[in-house]
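Student: I should like a close look at one part of this structure, namely the contact between its chains. Please set it in the context of the remaining architecture.

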2 protein chains.
Amino acid sequence: MRTRPLKVALLGCGVVGSEVARIMTTHADDLTARIGAPVELAGVAVRRPSKVREGIDPSLVTTDATALVKRGDIDVVVEVIGGIEPARALITTAFEHGASVVSANKALIAQDGAALHAAAVEHGRDLYYEAAVAGAIPLIRPLRESLAGDKVNRVLGIVNGTTNFILDAMDTTGAGYQEALDEATALGYAEADPTADVEGFDAAAKAAILAGIAFHTRVRLDDVYREGMTEVTAADFASAKRMGCTIKLLAICERAADGGSVTARVHPAMIPLSHPLASVREAYNAVFVEAEAAGQLMFYGPGAGGSPTASAVLGDLVAVCRNKLAESTGPGDSAYTQLPVGSMGEVVTRYHISLDVADKPGVLAQVATVFAEHGVSIDTVRQTGKDGEASLVVVTHRAPDAALTGTVDALRSLDTVRGVASIMRVEGE
Amino acid sequence: MRTRPLKVALLGCGVVGSEVARIMTTHADDLTARIGAPVELAGVAVRRPSKVREGIDPSLVTTDATALVKRGDIDVVVEVIGGIEPARALITTAFEHGASVVSANKALIAQDGAALHAAAVEHGRDLYYEAAVAGAIPLIRPLRESLAGDKVNRVLGIVNGTTNFILDAMDTTGAGYQEALDEATALGYAEADPTADVEGFDAAAKAAILAGIAFHTRVRLDDVYREGMTEVTAADFASAKRMGCTIKLLAICERAADGGSVTARVHPAMIPLSHPLASVREAYNAVFVEAEAAGQLMFYGPGAGGSPTASAVLGDLVAVCRNKLAESTGPGDSAYTQLPVGSMGEVVTRYHISLDVADKPGVLAQVATVFAEHGVSIDTVRQTGKDGEASLVVVTHRAPDAALTGTVDALRSLDTVRGVASIMRVEGE
């Protein structure tokens, strides 16, 4: 075993970074044995140097992250700053100055993964980011390596803990969205500005990353259809319950039936209570992967938090350090299939539609005709009414999303339809 | 990309081997792109050469496996023969003649993993065996690589599909063991001689492999406590249901609370219906991993079958081929912690005990005294009786298994205890 340590620069020392630093210290002997050489924390770049950081030698702390990654003696840069800049520039600079990179930055990888991978290859470095998707759950490595000899057809999962916590609370307590969000914020599950989570931006970044790896193609963040979960109501949960379903915010990456394209999307959906994802509680994450030979696999665990994310970062750190010692690099980007990414309109799904309609004869016939005209087949209809007002709940069979949205648009223009109370896709059957 | 193909020798062409060969042909372009060079099936060693094997060039088929692995031009040997010999000799010979090895052989790896890894290292080759545990479920790679920066404290799982199918059938239909076994045999889930599955030998081999990797230590097959599930009765399932539990054959690998030793065991156990493993149906496998930083992770999927096992074999094949091209090897054996393996007596668990007792005053006091004398604390007691006969169901708190077995032995010697109807451990709480 070599005794000269591998030098690690830590960019960011918040919830994740401080946990990475702590474990590097407390488990130094284990890391040394598993890597084959000691690892040494050589510098920690922070924004507020005056903050007291327990267990971190103050002489390692700097506000000049660029100088740190340019030092030239750094073997691995661990980037846990998040956001696009300065993270992107720092990672590129790190590659240029001899370091491989471990990142937990889903937004950056989703947006610029291709360019960053190209830079890594150009300089012969590694770029690993297991922590960017689903926290501690091993997902990137199983998709990229364990399933490297298989053909993945579908990835379907709960990849955002904040929204799952909120939806789980709404389901369990009957609370509305705002009340459940307030609880999540009070308990630290939601940030002060929850937009990235509740509007699905976070999940969309993860969907782009997962789709790219699963299908060996390039999926940009803009390619991902995205719908948040702020419009989900207690009434939607009541409807879901009547169908034996619950509601989850899902990230779904699919290969089209003909294999010629792929799609990636994030939206709330009803799923049957019998589906394993239905029982994923609180802030946990879980991802289903369907592959041709392997069949259905599921990966479950904590999707966020300092320690779980640090576990994923450190797993990558060990791998990247081993590669450094072997003077090799791990399996990098793979986008050889160059499959086109289809639009949401091409996705085949099912709709659960609640309509407020006039309570008079012939309405159902009129509504059913609209569905038929758009080639959408109806699975079930439930009609309730009193005092001249009625509601109609229609669940469709599978149809292209474009046909379903076309149907809804046409329904809105019917005189007898007073309003579309809610639309929700049905998945997981 | 290099154009000279990597040559693969396939040892065994049964359910798994034929599927490996088929996928190598049908997905050749994908494998080439993912590896960075074409892979070519260079030879197939079989016992019965006359059998028609669809899609396999008859000129590749040989009965002389030794000559095949000695050819000198083979890059990777895929061993799907199973059993100890000739698999062991062939793998060793393969290393000596320049090949890395992908194996699905749990019995061999559990028994001789240390020696085989040493041989691989000596010759600078890889030994990969994801398919040896839990079929298609990525488990070896996540434990060895994704969690390489974490400390695993517990692995608890259903790792044998045959026994899970039988237990699930008993639970669902109320059938007895023999009836459920017959059904499993008829449906192809159990072999003609089911001993390896139902007596827990198969699960014990997997437990030895998992414990070794999880704890970075050496766990031999003999170190694994093993109890089969042939004694589980419909009455046990009825008792389990009264407790809100079901019964599963579990493989459990644990680090002792003081961290100074580890244990590995296979036995039937009651687990609460609320535990995610309780809902693992039919021949599926699922494994819980508890790690210090990551928390609780679960991996779920098909644990056996030709295609799922082939998926795992091919994932390893891609990795081993990449390593060959990079002239490196992957992370191999890691047993640096050299932790002692504790006996079953040291394991801390809970017992569910059904006693047939005399229906007279003072019996419960007598029984309770025995528990107290052995330092075993009682959680609940349920007493039913009529016509001078009574039964007593005792569920204990957690205690060392030695204290629990000591208690049961002492109970047997009580005059008022007519018999011990059943003993089952309670896990997963």
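Tutor: The account below begins with the model itself, turns to the contact between the chains, and then moves outward to the sheets, the loops and an annotated site.

The structure is a predicted model, in which local features need pLDDT of at least 70 and side-chain atom pairs count only at pLDDT 80 or more, while totals for chains, interfaces and linings use all residues. Residues are numbered from 1 along each chain as its sequence is written, and chains are lettered from A and ligands numbered from 1 in the order in which they are written. The mean pLDDT of chain A is 95, and 100% of its residues reach 70 or more; pLDDT is the predictor's confidence in each residue, from 0 to 100. For the complex, the predictor gives an ipTM of 0.94 and a pTM of 0.95.

The relation between the chains comes first. A turn of 180 degrees with a shift of 0.0 Å along the axis lays chain A on chain B with an RMSD of 0.1 Å. This is the relation of a two-fold axis. The C-alpha of chain A nearest the axis belongs to Phe299(A), at 2.5 Å from it. Both copies use the same surface, since 100% of the contact residues of chain A recur in chain B. The superposition is by least squares on the C-alpha atoms of residues with pLDDT of at least 70 in both copies.

The contact takes 44 residues from chain A and 45 residues from chain B, two residues being in contact if their C-beta atoms, placed from the backbone, lie within 7 Å. On the side of chain A that touches chain B, the elements giving two or more residues are helix 2 (28-35), helix 6 (140-146), strand 12 (295-302) and helix 12 (306-325) of chain A. Helix 12 of chain A gives the most to this side, with 10 residues. The residues of this side of chain A divide into 26 nonpolar, 11 polar and seven charged. In this division Ala, Val, Leu, Ile, Met, Phe, Trp, Tyr, Cys and Pro count as nonpolar, Asp, Glu, Lys and Arg as charged, and the others, Gly among them, as polar. Helices (H or I, at least four residues) and strands (E, at least two) are DSSP runs, numbered from the N terminus.

Strand pairing also crosses the contact. Strand 12 of chain A and strand 12 (residues 295-302) of chain B pair in the antiparallel sense over three bridges; two strands pair if DSSP finds at least two bridges between them. Within this pairing, Tyr300(A) stands opposite Met298(B) in strand 12 of chain B.

Strand pairing within chain A comes next. An open sheet of six strands in chain A has the order 3-2-1-4-5-6, with parallel pairing. Its edge strands are strand 3 (61-62) and strand 6 (127-128) of chain A, each of which pairs on one side only. Strand 1 (residues 6-11) and strand 4 (residues 76-79) of chain A run parallel and are joined by four bridges, and Leu10(A) stands opposite Val78(A) in strand 4 of chain A. Elsewhere, strand 17 (residues 417-426) of chain A is joined in parallel to strand 10 (residues 262-272) of chain A by two bridges, with Met270(A) opposite Val426(A). Strand 17 of chain A also runs antiparallel to strand 13 (residues 348-358) of chain A, with eight bridges between them, and there Asp356(A) stands opposite Gly419(A).

Several loops have notable backbone geometry. The peptide bond from Glu85(A) to Pro86(A) is cis, with omega near 10 degrees, and Pro86(A) is placed in the loop between strand 4 and helix 4 (87-96) of chain A. In chain B, the bond from Glu85(B) to Pro86(B) is cis, with omega near 5 degrees. Glu327(A), although not a glycine, has a positive phi of about 55 degrees and lies in the loop between helix 12 and strand 13 of chain A. Glu327(A) counts as exposed because it has 10 C-beta neighbours inside 10 Å. A residue is buried if 20 or more other C-beta atoms, placed from the backbone, lie within 10 Å of its own, exposed if 12 or fewer, and partly exposed in between. Ala134(B), also not a glycine, has a positive phi of about 60 degrees, and is buried, with 32 other C-beta atoms within 10 Å.

Finally, UniProt lists Glu191(A) for "binding site" in an unreviewed entry. UniProt positions are given in the numbering used here, feature names are shortened, and annotations may be inferred rather than shown by experiment. Glu191(A) is in the loop between helix 8 (177-186) and helix 9 (195-198) of chain A, and counts as partly exposed, with 13 C-beta neighbours inside 10 Å.
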